[in-house]
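The exercises below are meant to be worked with the sequence and the 3D view side by side. Please try each task before reading its solution.

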Amino acid sequence: MTRNPLYKFLLKAAFWLPVCLGFWYWKAEWFNGPAVMLSGWIMQSLFPNWIESVEWSQRILNVATTLKLGTAPGMPAGEYALVLEVNPLTYSFGLPLFVALFLAGSETIRWHKLVLGALMLIPFQTWGICFDLLKQVAVDAGPTISEQTGFSAWKIEGIALGYQFGTLILPALAPIGLWLAFNPRFIPMLVLEGALRKL
């Protein structure tokens, strides 16, 4: 009995995905570098008044700010500045998914499409990183910090929405959408081939 071609494609994708994930995690500095640098540049350009420096170390993006934290019981007297941290891996796992889908395809791999797709994923990764940083400032840190930024209520709501979109939707749907855009005939051909084999 001949297997359904769509089923074979999904099996191949399931095989390639852990391989791609392993290599992506091993070389995270390579693959996350462009989105991290772009995120740092965007944040420093948009908020120069309270972003002091951006540093990427030990796979964590650290952003030092001039935003002053309020004192808390048990804390020594003095002023404390807020430091933001983001793990870029949270927003870049779409890259190995995109590559796994390409490797699972039965057609000849067009490497220029693979490279172009990887580059096109960078803005989506950058979105997630930037909105994570903004959410920490506008929501997580509390009103003492958000008041220093001058964010209005509607901007805070927009930041929360952008964070949810960048965390829950973009990392998974962006690579699948890009792959489908590069291979618009692939799924219909698989479905047609499977239907013809049943005749």
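Two strands are taken to pair if DSSP finds at least two bridges between them. The model used throughout is a predicted one.

**Exercise 1. Establish how many helices and strands the protein chain has, and in which pattern they follow one another.**

Step 1: The protein chain has 8 helices and 3 strands.

Step 2: Read along the sequence, these elements follow the pattern α-α-β-β-β-α-α-α-α-α-α.

**Exercise 2. Work out the order of the strands in the sheet, and which of them stand at the edges.**

Step 1: The 3 strands form an open sheet, arranged in the order E1-E2-E3 with antiparallel pairing.

Step 2: Strand E1 (51–57) and strand E3 (80–86) each have a single partner strand and therefore stand at the edges, where one side of each is left without a neighbour in the sheet.

Step 3: On average, and with direction ignored, neighbouring strands of this sheet are turned by 25° against each other.

Step 4: Between E1 and strand E2 (residues 60–69), which run antiparallel, there are 6 bridges, and Val54 is found opposite Val63 in E2.

**Exercise 3. Determine which strands are touched by helix H2, and which strands helix H5 lies across.**

Step 1: Helix H2 (residues 28–46) packs on the sheet, where it touches E1 and E2, and its direction makes about 180° with that of E1.

Step 2: Helix H5 (residues 111–140) lies across E2 and E3, and runs at about 145° to E3.

**Exercise 4. Classify the ring pair of Phe47 and Trp50, and decide whether each residue is buried or exposed.**

Step 1: A search of the whole structure finds 12 aromatic pairs.

Step 2: In the pair of Phe47 and Trp50 the ring centres are 5.0 Å apart and the planes stand at 35°, so the pair is classed as tilted.

Step 3: The cut-off for a buried residue is a relative accessible area under 20%. Phe47 has 16% relative accessibility and therefore counts as buried, and Trp50, at 6%, counts as buried too.

**Exercise 5. Find which residues are linked into a cluster by ring pairs, and over which rings the charged ends of Lys27 and Lys135 sit.**

Step 1: Phe23, Trp26 and Phe31 are linked into a cluster by ring pairs.

Step 2: The charged end of Lys27 sits over the ring of Trp26, at 4.2 Å from its centre.

Step 3: The charged end of Lys135 sits over the ring of Tyr163, at 4.4 Å from its centre.

Note on methods
Residues numbered from 1 in each chain as written. Predicted model: local features only at pLDDT ≥ 70, side-chain atom pairs only at ≥ 80, totals over all residues. Heavy atoms only, no water. Phe/Tyr/Trp six-rings, centres within 6.5 Å; stacked < 30°, edge-to-face > 60°. Buried < 20%, exposed > 50% of the residue type's maximum accessible area, 1.4 Å probe, protein only. Lys NZ or Arg CZ within 6 Å of the ring centre and 35° of its normal. Helix = DSSP H or I, 4+ residues; strand = E, 2+ residues; numbered from the N terminus. Axes fitted to C-alpha atoms, helices over the stretch in contact; angles between N-to-C directions. Contact = heavy atoms within 4.5 Å.
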